[in-house]
Amino acid sequence: MDPESGLVKDEAGTWRRVGDHCTECHSATLLQQNRTNRDGWIRTIRRMETDEGLEPLGDLEETILDYLTANYGVQVKPTELRRRRAPLRQPPVADGE
């Protein structure tokens, strides 16, 4: 963790680029609070480009998306992806019917 920005450090140094673009307007805490999957990060970036004035990321977009997904993505266990169903409840079968 970088003490100045609050971002998770990675070996490639992408955290610095994320800091340049993302924490220019808000803190890294917002990334932690709004964890999402890759599609969610893409939607967030598009919204910020259209509504908040974020400059298009260009060639950096894929790298930044990889970083955000890996470090601030949704951590879901495969068993949680299945839809849970309530047990089937049927009335008891009466004897002799």
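In this predicted model, Arg 38 is partly exposed, with a relative accessible area of 26%. Two acidic partners meet this side chain. With Glu 62, Arg 38 forms a salt bridge in which N and O are 2.7 Å apart. Arg 38 belongs to helix α3 and Glu 62 to helix α4, so the pair ties together parts that are 24 residues apart in sequence. Asp 66 also meets Arg 38 in a salt bridge, at 2.8 Å from N to O. This pair, too, links distant parts of the chain, since Asp 66 sits in helix α4 and Arg 38 in helix α3, 28 residues apart. Arg 38, Glu 62 and Asp 66 are thus linked in a network of salt bridges. Both acidic residues can be found at least partly at the surface: Glu 62 is partly exposed at 47% relative accessible area, and Asp 66 is partly exposed at 44%.

It helps to look next at the two helices themselves. The axes of α3 (residues 38–51) and α4 (residues 61–72) come within 9 Å and cross at roughly 125°. That angle makes α3 oblique to α4, and the crossing is right-handed. On the α3 side, the contact is made by Arg 38, Trp 41, Ile 42, Ile 45, Arg 46 and Glu 49; the α4 residues include Leu 65, Leu 68 and Tyr 72. By character, the contact residues divide into six nonpolar, one polar and six charged.

Across the whole structure, the search finds five salt bridges. Among them is the pair of Glu 52 and Arg 47, whose closest N and O atoms are 3.7 Å apart. Here Glu 52 counts as exposed at 54% relative accessibility, while Arg 47 is partly exposed at 40%.

Notes: Residues numbered from 1 in each chain as written. Predicted model: local features only at pLDDT ≥ 70, side-chain atom pairs only at ≥ 80, totals over all residues. Heavy atoms only, no water. Axes fitted to C-alpha atoms, helices over the stretch in contact; angles between N-to-C directions. Helix = DSSP H or I, 4+ residues; strand = E, 2+ residues; numbered from the N terminus. Parallel < 35°, antiparallel > 145°, perpendicular 65-115°, else oblique. Left-handed = near helix turned anticlockwise from the far one by under 90°. Contact = heavy atoms within 4.5 Å. Nonpolar A, V, L, I, M, F, W, Y, C, P; charged D, E, K, R; others polar. Salt bridge = Lys/Arg side-chain N within 4 Å of Asp/Glu carboxyl O. Buried < 20%, exposed > 50% of the residue type's maximum accessible area, 1.4 Å probe, protein only.
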